[in-house]
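Q: Please take a close look at one part of this protein. I would like to hear about its largest pocket, and how far the model around it can be trusted.

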Amino acid sequence: MLLLGAWAAACSPKPTAIEVTPRPVTIFGLERVQRLTGSLVDKKGRPVQAGSLNWSSSKPDVVTVDGSGKLLSKGEGRAVVTATFQKLSVQVPVEVVDVKSIEIAPASARVVGPAGTMVKLSTTVKNSKGKPVSFPLVWTSSRPQIATVSSDGQVSSVGPGTATILARVGDVQGATEVVVTIGEITRLEIQPKTALVRVGDSQRFVVTAYGPDGRAYEGSAAVFQSSDQSVAGVDAGGVASGIAPGTATIRATVAGSSSEATLLVN
């Protein structure tokens, strides 16, 4: 029996390589977990049960790895995680991207007008220190039959109802709710008509759209523009910020109808 066991062990397949998935790895956010799966295989790529892998990280301040292959992101940067078994080894490039949140403006939007009415969403991506950072976003709509969204965050109405618009960086996401009302717009009002702010302060402008029957659609989303970006800027939610002393005209447009307000900055 001992001879038979020794013969079986000698004839059992020998591991010739280590396979690890996924590879490479990008982790979005700090203190996030990603698990690596590693296995020993023979020269034909068949799994071999010969023992457990040892794991190590070249930069534990960027990413750590435990004995089971579980990664934990610690700081922004690049590192190499290595899996070893006896004389075999394989390296996995790991990149950690410091992104914590995605803020979308407006936080909710009411899109009023004929099908195809468009509004532009603006975003702020922040890292773990609360500082704005720049990353390409992936946009999706939960209900494209109600509202679609382009790759640069422009929403177009399709049909009446409610849809959630998502912006993603990896598995970090921000969301805004879009309520679509299909109808003709004949008039637009923006309030306040005149506002005064100091440099560094902000003023929110609210738009009301009116249909042919005089019905008011309060809080309508609009495309906002500032006549002088050096004096004041305005985001997609209608929040204008004073940049330098002067006067700027804030224009709101919905489905071809426009209304203007004056912003004084001192």
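A: The pocket comes first, then confidence, then one sheet.

This is a predicted model. Its largest pocket has a volume of about 160 Å³. The lining counts 15 residues. Nearest the centre of the pocket lie R204, G219, S220, A221 and G237.

Two strands stand out in the lining. β11 (108-113) and β23 (206-210) each supply at least two of its residues. β11 gives the largest share, with 3 residues. By class, the lining has 9 nonpolar residues, 4 polar ones and 2 charged ones. A probe the size of a water molecule, rolled over the atoms, shows where empty space is left.

Now confidence. The average pLDDT of the protein is 91, and 95% of the residues score at least 70. The highest mean, 98, belongs to strand β6 (residues 63-65). The lowest, 46, belongs to helix α1 (residues 2-11). Over residues 1-10, pLDDT stays under 50. For that stretch the model has 1 contact beyond four places in sequence.

Last, the sheet. Four strands form an open sheet in the order β2-β9-β8-β5, and their pairing is mixed. β2 (25-28) and β5 (54-57) are the edge strands, each pairing on one side only. On average, neighbouring strands of this sheet are turned by 25° against each other, direction ignored. β5 runs antiparallel to β8 (residues 77-85), and 4 bridges join the two. N54 stands opposite T84 in β8. Strands of a sheet pair through backbone hydrogen bonds, either parallel or antiparallel.

Definitions and conventions:
Residues numbered from 1 in each chain as written. Predicted model: local features only at pLDDT ≥ 70, side-chain atom pairs only at ≥ 80, totals over all residues. Heavy atoms only, no water. pLDDT = per-residue confidence, 0-100. Contact = heavy atoms within 4.5 Å. 1 Å grid on protein atoms, 1.4 Å probe; cavity = no way out; pocket = protein on both sides within 12 Å on 5 of 7 lines; lining within 4 Å. Points joined across faces, edges and corners; volume = space filled by probe spheres on them. Nonpolar A, V, L, I, M, F, W, Y, C, P; charged D, E, K, R; others polar. Pairing = 2+ DSSP bridges. Axes fitted to C-alpha atoms, helices over the stretch in contact; angles between N-to-C directions.
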